[in-house]
Amino acid sequence: MNNLPEVKIGIVAVSRDCFPESLSVNRRKALVEAYTQKYGADSIYECPVCIVESELHMVQALEDIKQAGCNALAVYLGNFGPEISETLLAKHFDGPKMFVAAAEESGDNLIQGRGDAYCGMLNASYNLKLRNVKAYIPEYPVGDAEECADMIHEFLPVARAVIGLRDLKIISFGPRPLNFLACNAPIQQLYNLGVELEENSELDLFEAFHKHDGDERIPELVKEMEAELGSGNKKPDILPKLAQYELTLKDWVEEHRGYRKYVAIAGKCWPAFQTQFGFVPCYVNSRLTAQGIPVSCEVDIYGALSEFIGTAVSEDIVTLLDINNSVPKDLYSEDISGKYDYTLKDTFMGFHCGNTASQKLSFCEMKYQFIMARALPEEVTQGTLEGDIVPGDITFFRLQSTSDNKLRAYIAQGEVLPVATRSFGAIGIFAIPEMGRFYRHVLIEGNYPHHGAVAFGHFGKALYEVFKYIGVPVDEIGYNQPAGVRYPTENPFCSSL
C-alpha cells in the first residue's frame, strides 16, 4: 500500500539584478547535472522559465513549479540573490522549502565570477524571519554543485515527513488501557501539525470485525501468513481470525481515510480485546506496519505519529517498543563486556509483546502473549510474533505533546547488539552511548511515556530537522549527551560526569 508521499523538489535559482544573471544560470545547470548524475532526476525539477530577480519573476517561477507537480522547493542562491523576491517565493509556496547557496569556484575568477551568495544567505535568513516563513537551511548551506546536490538530497526525507504529516489521519480505537495513561496526551498539537484524528469505540471495531465473518478473502490471506511465518507458524488455528482482523482494519482505512492520503492506526490490544475477539492483534499490527501503515499498541496516538515520521524519514519498516528492562549483570558480563565498547548502563532491552515485523526479527515464531496469559486462558492470548530483533544500527525517538500541550521530542542513535536476549516477545538488547544519563535526564525528566519508536538505521540528523521544521523548540529536542557534557538537570557533583 502506498502510504507515503512522493517528493518532487523544484529547484529555483535566484539572482540579484546587479550581479551577472549568467552566474545563477550556469551554477543551477551544474547543480542539476551533479544531482542527476549522483541521485537520478526523479525527485527534482529544474525551473527553466526564469532566474528570479523580481517579484514578477517570483510569480512566474511559482506557477511553473506548481504546474510541474513540485511539492517541495529548493531556493538556490546562485549569487547574492534578491532577498524580498526569494523569500516571497518561499512564503507563497505551499510545501516544505529549503535554501542553499553557491560557493565561489576559483581564485582566478573573483571579479566577474564572484557571486557573494555567502553574504546573500544572511539576508535571506533575516528576511525569512521577518516574514515568519519556515525553511530548512543545512548546517553549512554554502557549497559547490556536488555539495549542494548532497544538501538537497538530504532534504528529501525531511520534506517527505513534513508533507506526509499535513495529509495524515490517525485512526484510533478505544481509550488508553487502565494504568497506561502515560500513552495519553493532549491532541491539540496534532491539529496544529495538520494531522487529522478519528477516534472510535472498540465496539465499532468489534462490529466491523464480525461483519467480516466468512469473508471470502480470508483463505488467501491465511496462505500469505503461512508463507511469511514458515516454520515459525506455531499457532496455525489462530490465523483465520488474524486474517479476518487484518481485512477489517484495511477496509476501515479505505472507508474512513476521507480526504486524507496517509493513515496510521493507534490500536487497542487489551484488557478486553482478547476475551472478546479471541486473540491478540500483535502479528496483524506487525504486518500492517511492514506494509507502510504504522500501528501503535495501547492506543498510543503519539506513538503512531512517531512511527509514521520514522517511516517517512527512513522509507523502511519501523517498530514501537517499550524502553523495558535493564540487562542483567551476568548476561552483560558473559556476552557483552570486553566484546562491545559499552558499559552496563549503556545497555537496555527494548521489548513489545509481538508487534515487530518479521523482516526486522532474526527469527520469529507465532506464540501466545505470555504476560496476558498469567491472568487469562492461554487460547485467547494467541497472536504475538516473537523473536530477537535484528542486530544493527537503530534510532530510538519519539514526538510527544506534554500535559500542558507543548511539543517535545527525543532522538538517540545506537545499535541492537548481536546478543541473544534469553527472553520472550519481540525484543532486543539495545546499546546507546551514555544511555543511563539519557534515560534519567531526558526520558524521565522530560516525562516521556515508556513507548519509543525505532527506525532501523541512523536517522538522527533528518529527524532532528523534521522536529525543528514542524515547530518543536530546539531546547525541547533531547538527545544522548556525550560523556563530560552536563544535562541542565544533572547534578554537577555526580560521579557519572
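User: What covers the buried residues of H15?
Analyst: This is a predicted model. H15 spans residues 460–469 and has the highest confidence in the chain, a mean of 98. Seven of its 10 residues are buried. The cover over them includes S4, H5, H12 (301–314), S14 (392–401), S15 (407–416) and S18 (477–479).

User: Which residues of H15 are buried?
Analyst: The helix is mostly covered. Just after H15, glycine 471 takes a positive phi of about 110°. Within H15, the buried residues are Gly460, Ala462, Leu463, Glu465, Val466, Phe467 and Tyr469.

User: Which helix gives the most to the largest nonpolar core?
Analyst: The largest nonpolar core has 68 residues. Those with the most contacts inside it are Ile170, Leu305, Ile309, Leu399 and Phe467. The helix that gives the most to this core, with 13 residues, is H5 (residues 145–165).

User: How many residues does the other core have?
Analyst: This core lies apart from the largest one. Among its members are Leu221, Leu239, Ala243 and Phe430. Its count is 53 residues.

User: Which residues does isoleucine 170 touch, leaving out those up to four places away in sequence?
Analyst: Ile170 is among the residues with the most contacts inside the largest nonpolar core. Its partners include two alanines of S8, a strand covering residues 262–266, namely Ala264 and Ala266. The full set is Leu190, Val195, Glu196, Leu197, Glu198, Ala264, Ala266, Ile301, Ala304 and Leu305.

User: Are the residues of S8 buried or exposed?
Analyst: Tyr262, Ala264 and Ala266 point one way from the strand. Val263 and Ile265 point the other way. Five of the five residues in S8 share one state: buried.

User: Which residue is the bridge partner of isoleucine 265 in S9?
Analyst: S8 pairs in the parallel sense with S6 (residues 168–173) over five bridges. Lysine 169 stands opposite valine 263 there. S8 also pairs in the parallel sense with S9 (residues 295–296), over two bridges. In S9, the partner of isoleucine 265 is valine 295.

User: Why is one side of S2 and one side of S5 left without a neighbour in the sheet?
Analyst: The open sheet has five strands in the order S2-S1-S3-S4-S5, with parallel pairing. S2 (44–46) and S5 (142–143) stand at the edges. One side of each has no neighbour because each has a single partner strand.

User: What angle does the direction of H4 make with that of S4?
Analyst: In this sheet, S1 (residues 9–14) and S3 (residues 72–77) pair over six bridges. Isoleucine 11 stands opposite alanine 74 in S3. H4 (residues 117–130) packs on the sheet and touches S3, S4 (97–102) and S5. Its direction makes an angle with that of S4 of about 155°.

User: How many disulfides does a search of the whole structure find?
Analyst: A disulfide needs two cysteine sulfur atoms within 2.5 Å. For exposed cysteine 18, at 60% relative accessibility, the nearest cysteine sulfur is that of cysteine 119, 11 Å away. For buried cysteine 297, at 6%, the nearest is that of cysteine 269, 5.2 Å away. The search of the whole structure finds zero.

User: What separates the C-alpha atoms of leucine 321 and cysteine 353?
Analyst: Leucine 321 is in S10 (residues 318–325). Leucine 321 is buried, with a relative accessible area of 0%. It and cysteine 353 are 32 residues apart along the chain. Their C-alpha atoms are separated by 8.8 Å.

Definitions and conventions
Residues numbered from 1 in each chain as written. Predicted model: local features only at pLDDT ≥ 70, side-chain atom pairs only at ≥ 80, totals over all residues. Heavy atoms only, no water. pLDDT = per-residue confidence, 0-100. Helix = DSSP H or I, 4+ residues; strand = E, 2+ residues; numbered from the N terminus. Core = buried A, V, L, I, M, F, W, Y, C linked by side-chain atoms within 4.5 Å. Buried < 20%, exposed > 50% of the residue type's maximum accessible area, 1.4 Å probe, protein only. Contact = heavy atoms within 4.5 Å. Pairing = 2+ DSSP bridges. Axes fitted to C-alpha atoms, helices over the stretch in contact; angles between N-to-C directions.
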